[in-house]
Amino acid sequence: MERKILRKNVTMERKIMENLKRWNTWWYEKKVKESLKGIERDNKKELLKYLDLKPIKILVGARRSGKSTLMYQIIDRLLKRGVNPLNILYINLEDPEIKKADFDTIINVYIELTNVKKEECFIFIDEIQGKREWELWLKREYDLQGFKQFFISGSSGSLLTSDYSSLLTGRTLTFKIFPLSFREFLRFKHFEIVEDSLNLIPPDKISNIKHLLRNYIEFGAFPEIILIDDGEKKEKLLNEYYESIITKDIIARYRIDGEKIRRLAYYLVTNTSAFHSYKKLRAVTNLSYDAIKNYLKLFEETFLFFQLPIFSPSVKNHFSYPRKNYCIDTGIRNAAGFRTTMDIGRLYENIVFIELKRRNMEFFYWKDKRQREVDFLIKKGLSVLNLIQVCYSIDDDNTRKRELKSILSGLEHFELKEGLVVTSDVEKEELNKKNGKKFKIIYKPLWKWLLE
């Protein structure tokens, strides 16, 4: 019996050893493969600022948003700084053989294989949420100061929930990774923009940017999608992403009824930038209030859908008013949702929402007493900083007046002097009077706002 167990352990350790070699190619090549580094992300600059600090670096975001590539880019920087390649361990917990083993076994195999000193090692752990009680092991190793630094990634916001965060309080720095910004998207398309030159771009270049913006809106901003030319293949892969998030990150992990949660997901992916209430969702999906509340939380944790609340001094209103639903990526929305029209206005609004999330803003929607709506209210601390209205076209006079009345009502209510209307093509500033007060309205094309 003991011999069988010993043989089994030896076989498992041999498989771990082989797979670690497969993932950590810099051990023998002395560099990160070009195919793994991808195109540089803006998040890299932010991460590098904190590279020498001890706290655990947590990269969290939707599947396929570029977390692994970002890890490879950091590994590449460490190698260029002269770190011994053997002192960098990358653990991919989506590798079946590696996932089977506990962390201590993986580390012991690593040290046996490389003969490194633990205190000189940088440990990168990808998709850590797939491992049970990872936070206990990580806390122990961090407190014992056995390793130089930890970098971990996950496709679930549960890494940031109270159970984990309280256990690792004071030991982490968190970086949220979203699909590509429009500036990064242009970089992937070999179209670099210097921020200070936005007002100096010639008309033909602006036409190119607008064309690329249509592509950005239609197929979204996941890095791998952008590198594919065929539209049909893009859609197929986007549907795979959508299904993978629901299946792997929610159904398999939380053992949830697949049919029920897919029913709600289909409604949400179809109705982006739209209001919903628990009552409405229950009528559409036939799910209980508790199930809907739980599923919406899981969607947000896995970065698939987000729910935007109303801005109100009343806590009761904050929770009881309908919320607006947004999707992580317009490409997923277009591929997985039901469409009869382009819904360009809703897609514009979704793009602005995700960009505000990417910029780490605190924001809400707002309505006045006459139910006139402002799409986004930007807040910092106790102060309301700005109001943003999203309107694809203001060519129609009734549409323009409606949107203008809404934002002017908000500006007067919050005593702000100017507001922003994001449009397709209009770029101008105008002064408007309301109740004897003057307000400046800035109209700006979406592409320019995204690049600022």
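Two strands count as paired when DSSP finds at least two bridges between them. All views below show a predicted model.

**View A. Strand β3 between β2 and β4.** Strand β2 (88-92) runs parallel to β3, and 5 bridges join the two. Isoleucine 88 stands opposite phenylalanine 122 of β3. Strand β4, residues 149-154, also pairs with β3 in the parallel sense, over 4 bridges. There phenylalanine 122 has glutamine 149 of β4 as its bridge partner. Strand β3 covers residues 122-126, and 5 of its 5 residues are buried. Phe122, Phe124 and Asp126 point one way from the strand, while Ile123 and Ile125 point the other way. In a regular strand, side chains alternate between the two faces of the sheet.

**View B. The open sheet β6-β8-β7 and helix α19.** Antiparallel pairing holds together 3 strands in the order β6-β8-β7. The edge strands, each paired on one side only, are β6 (274-276) and β7 (305-308). From one strand to the next the twist averages 40°. Between β6 and β8 (residues 323-327) there are 3 bridges, and these two strands run antiparallel. Alanine 274 stands opposite asparagine 325 in β8. Helix α19, residues 344-358, packs on the sheet and touches β6, β7 and β8. The direction of α19 makes about 85° with that of β8.

**View C. Phenylalanine 305 in strand β7.** Is phenylalanine 305 buried or exposed? Phenylalanine 305 counts as buried because its relative accessible area is 0%, and the cut-off for buried is under 20%. Leaving aside neighbours within four places in sequence, the contacts of phenylalanine 305 include Asn325, Tyr326 and Cys327. Tyr242, Ala265, Leu268, Val269, Phe299 and Glu300 are also in contact with this residue. Isoleucine 328 is 23 residues away from phenylalanine 305 in sequence, with a C-alpha to C-alpha distance of 5.9 Å.

**View D. Threonine 330 in helix α18.** Helix α18 spans residues 330-336 and contains threonine 330. Threonine 330 is buried because its relative accessible area is 3%, against a cut-off of under 20%. Not counting residues up to four places away in sequence, threonine 330 touches Tyr216, Ile217, Glu218 and Gly220, among others. Leu347, Asn350 and Ile351 are also among its contacts.

**View E. The cavity lined in part by helix α19.** How many cavities of 30 Å³ or more does a search of the whole structure find? The search finds 1, with a volume of about 90 Å³. Rolling a probe the size of a water molecule over the atoms shows where empty space is left. Of the 13 lining residues, Tyr216, Ala221, Asp329, Ile351 and Ile354 lie nearest the centre of the cavity. Helix α19 supplies the largest share of the lining, 5 residues. By class, the lining divides into 7 nonpolar, 3 polar and 3 charged residues. Two residues shown here also appear in the view of threonine 330: Tyr216 and Ile351 are among the residues that threonine 330 touches.

**View F. The largest pocket, with a volume of about 1500 Å³.** This pocket is lined by 48 residues, and Lys176, Phe178, Glu300, Phe306 and Lys357 are the closest to its centre. The lining divides into 18 nonpolar, 10 polar and 20 charged residues. Glu300 is also one of the contacts of phenylalanine 305.

**View G. The second largest pocket, with about 710 Å³ of space.** Arg64, Gly66, Ser68, Thr69 and Glu224 are the closest to the centre among the 29 residues that line the second largest pocket. At least two lining residues each come from α3 (34-37), α5 (67-80), β2 (88-92), α12 (223-226) and α13 (231-254). The largest share, 5 residues, comes from α13. The lining has 10 nonpolar, 8 polar and 11 charged residues.

**View H. Strand β14 with its partners β12 and β13.** Strand β12 (residues 418-423) pairs with β14 (residues 437-445) in the parallel sense over 6 bridges. Glycine 419 stands opposite isoleucine 441 in β14. Strand β13, residues 428-434, runs antiparallel to β14, and 7 bridges join them. Asparagine 432 has phenylalanine 439 as its bridge partner in β14. The hairpin of β13 and β14 has 2 residues between the strands, and asparagine 435 in this hairpin takes a positive phi near 55°.

Terms used
Residues numbered from 1 in each chain as written. Predicted model: local features only at pLDDT ≥ 70, side-chain atom pairs only at ≥ 80, totals over all residues. Heavy atoms only, no water. Axes fitted to C-alpha atoms, helices over the stretch in contact; angles between N-to-C directions. Contact = heavy atoms within 4.5 Å. 1 Å grid on protein atoms, 1.4 Å probe; cavity = no way out; pocket = protein on both sides within 12 Å on 5 of 7 lines; lining within 4 Å. Points joined across faces, edges and corners; volume = space filled by probe spheres on them. Nonpolar A, V, L, I, M, F, W, Y, C, P; charged D, E, K, R; others polar. Buried < 20%, exposed > 50% of the residue type's maximum accessible area, 1.4 Å probe, protein only.
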